[in-house]
Amino acid sequence: MLRRPLIERYRDRLPVTEKTPVVSLLEGSTPLVPLKGPPEARERGVQLFAKYEGLNPTASFKDRGMTLAVSKAVEEGAQAVAAASTGNTSASAAAYAARAGIKAIVVLPAGYVALGKLAQTLVHGARIIQIEGNFDAALGIVRALTERYPVALVNSINPYRLEGQKTIAFEVVEDLGGPPDFHALPVGNAGNITAHWKGYRELLAEGRVTQAPRMLGFQAEGAAPIVKGHPVEKPETVATAIRIGNPASWKRALAARDESGGAIEAVSDDEILAAWRYLASEEGLFVEPASAASLAGVWRWLKSGRIPEGSRVVLTLTGHGLKDPGTAEREVKLPEPVPAEVEAVAAAAGLL
Ligand SMILES: *Cc1c(COP(=O)(O)O)cnc(C)c1O
């Protein structure tokens, strides 16, 4: 089937008009992959599905929001988009700005630049500006730019991003033929859990579903402000995409949790890495560590018997594993060379 721009697929449910220029890289329409599931799921007849968002154009779900944010920015006459982000937001903003023929500006604290994560951003031609100040200062400057110049802010506080991201719920319900019982995802700034829940709420209001899933959000233990009930000064986790100490959409994440009868919990880096390995080595899905927090959390729920028998559970796998080759390098050791002989290779391959 021919892929269509996300804005065209859901035009009637998004804040666009005929005048909105559609800036698209044919995002969305990602596969909902049925998983074999770990034994704890199979034994209870629990079916897990992975919404594999790493297959978006820049390899994360951020593209769903960015198509809308950049289209609206161009409609409103912006000549540039700006973000204060080291991660997938910058990569996505840079790609969509390139597509639209406008500038992308990324403002960051000096020394914060990890080239691996920013490679995409750079190659797409974004202007990366390092400032002598912290992250809050960077965000403050980006905000000020948008007030003085024809520049649109595309950080997660941009409301169009959540509008685009809510379409994950639409696609899941279309593919399953109804709502799942649980929908699990990682929580960083909490925009995505807010957007997922907005999508399900709209489906309910329009009578397209009669029931919504319980939302399960998972933070990393070292970066779990929502679970702890207070901001975390120095968030730390291997899951860099959710290394957030003071989420922008905190209150709305609590609403998603409470209205859906769900939960927001913390998982350890060890649990995240175990789920990350399992997804790659048993299911064939390579994701970045943050994405694996969704399975890490659901695994806990399965082990403690909190997922009823026969449930359908969707995991949003937010970004592709190639985004973070550094973790793979650290976690998976390359073995020593062996002699160039068939027997030696067969022995090393475990064929003997
Ligand atoms: C942005 C991002 C998250 C966190 O999403 P929030 O909306 O900030 O909660 C999780 N995983 C990946 C791969 C991301 O890029």
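**Notes on the core and the aromatic contacts**

1. A good place to start is the largest nonpolar core: it has 37 residues, and Ile-272 and Val-298 touch the most other members. Please keep in mind that this is a predicted model. At least two residues of this core come from each of β2 (47–52), β7 (182–186), β8 (214–220), β9 (263–267), α12, α13 and β10 (312–317). The top contributor is α13, with nine residues.

2. Ile-272 is worth a click in your viewer. Setting aside neighbours within four places in sequence, its contacts are Ala-220, Thr-237, Val-238, Ala-239, Val-267, Pro-289, Ala-292, Ala-293 and Ala-296.

3. There is also a second, separate core, made up of 31 residues, with Val-173, Leu-176, Leu-185 and Ala-212 among them.

4. Now to the rings: the structure contains four aromatic pairs. One of them joins Trp-276 and Phe-286 in a tilted arrangement, with 6.4 Å centre to centre and 55 degrees between the planes. The two residues are 10 apart in the chain, Trp-276 in helix α12 (residues 269–282) and Phe-286 in the loop between α12 and α13 (289–303).

5. How do the two partners fare for burial? Trp-276 counts as buried because its relative accessibility is 4%, while Phe-286, at 27%, counts as partly exposed.

6. Finally, two arginines deserve a look. The charged end of Arg-13 lies over the ring of Phe-170, 4.2 Å from the ring centre. Likewise, Arg-306 places its charged end over the ring of Trp-301, 4.1 Å from the centre.

Key
Residues are numbered from 1 along each chain as its sequence is written. This is a predicted model: local features need pLDDT of at least 70, side-chain atom pairs count only at pLDDT 80 or more; totals for chains, interfaces and linings use all residues. Side-chain values use heavy atoms; hydrogens and water are left out. Rings of Phe, Tyr and Trp (its six-membered ring) pair if their centres lie within 6.5 Å; planes under 30 degrees apart count as stacked, over 60 as edge-to-face and the rest as tilted. Helices (H or I, at least four residues) and strands (E, at least two) are DSSP runs, numbered from the N terminus. Buried means under 20% relative accessible area, exposed over 50%, partly exposed in between (1.4 Å probe, protein chains only). A charge sits over a ring if NZ of Lys or CZ of Arg is within 6 Å of the ring centre and within 35 degrees of the ring normal. A nonpolar core is a set of buried Ala, Val, Leu, Ile, Met, Phe, Trp, Tyr and Cys residues joined through side-chain atoms within 4.5 Å. Contact means heavy atoms within 4.5 Å.
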